[in-house]
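Biologist: I am new to this structure and would like to learn how its helices are read. Could we go through them together?

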Amino acid sequence: MRDDIKFTPLEDFPEGEYVGKSKISDWHFLDYPTTYEIAMIIDYVAKSVKAPEEDRPVTIKMPISKGLSEEKVIWIIQGLFYTNEVDAYVRLEPLIRRFYLFEIIYRRYYSLLVNWLPQKHVQLLLMNFLIDNLSTDDELNQFVAIALAKIEE
């Protein structure tokens, strides 16, 4: 940790200066996105925005099918998450379970899914994820279990 970094408290900003919390501060992450992943997300959104208006929903909700690279699946998972496409994101779950049995994909998908826990169908997906013992990643399993426990309180 660097000691020479100075942060200005929000209350010390001049009157009228636009300062606000990022939406990201309200989200829960097991792993914060890397610079590379942020670039992937920007690329995903840019391609969606450049698509003709009538094609945007298709571009944004790009389906996962069998045979995509791990990187492409993560690109889609993150793109859907950051564009807040909850329904499209949830529809990925059965495809991930069937075709992409990789810990890195499970870790990214299910840890981000926690952010929509107030929705009952998301709670069910995450409970089934734990019950079915899909992941050997103890950190991920604990992260999901703790998030579910907080909802039940």
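Modeller: Helix 4, residues 86-99, has 14 residues and reaches 20 Å from its first C-alpha to its last, close to the 20 Å expected at 1.5 Å a residue; the expected span is 1.5 Å times one less than the number of residues, and helices are DSSP runs (H or I, at least four residues) numbered from the N terminus. This is a predicted model, in which local features need pLDDT of at least 70 and side-chain atom pairs count only at pLDDT 80 or more, while totals for chains, interfaces and linings use all residues. Residues are numbered from 1 along each chain as its sequence is written, and side-chain values use heavy atoms, with hydrogens and water left out.

Biologist: Which residues in helix 4 are buried, and what do they pack against?

Modeller: An α-helix has 3.6 residues a turn, so residues three or four places apart point the same way. In helix 4 the buried residues (under 20% relative accessible area, 1.4 Å probe, protein chains only) include Tyr-89, Glu-93 and Ile-96. Its buried residues pack against helix 3 (70-82), helix 5 (103-113) and helix 6 (120-131), contact meaning heavy atoms within 4.5 Å.

Biologist: How do the axes of helix 5 and helix 7 cross?

Modeller: Two packed helices are described by the angle between their axes and the distance between the axes. Here the axes of helix 5 and helix 7 (residues 138-152) come within 10 Å and cross at roughly 10 degrees, which makes helix 5 roughly parallel to helix 7 (angles under 35 degrees). Tyr-106, Arg-107, Tyr-110 and Ser-111 in helix 5 meet Glu-139, Leu-140, Phe-143 and Val-144 in helix 7.

How values were computed
Helices (H or I, at least four residues) and strands (E, at least two) are DSSP runs, numbered from the N terminus. Buried means under 20% relative accessible area, exposed over 50%, partly exposed in between (1.4 Å probe, protein chains only). Axes are lines fitted to C-alpha atoms, for helices over the stretch in contact, and angles run from 0 to 180 degrees between N-to-C directions. Angles under 35 degrees count as roughly parallel, over 145 as roughly antiparallel, 65 to 115 as roughly perpendicular and the rest as oblique.
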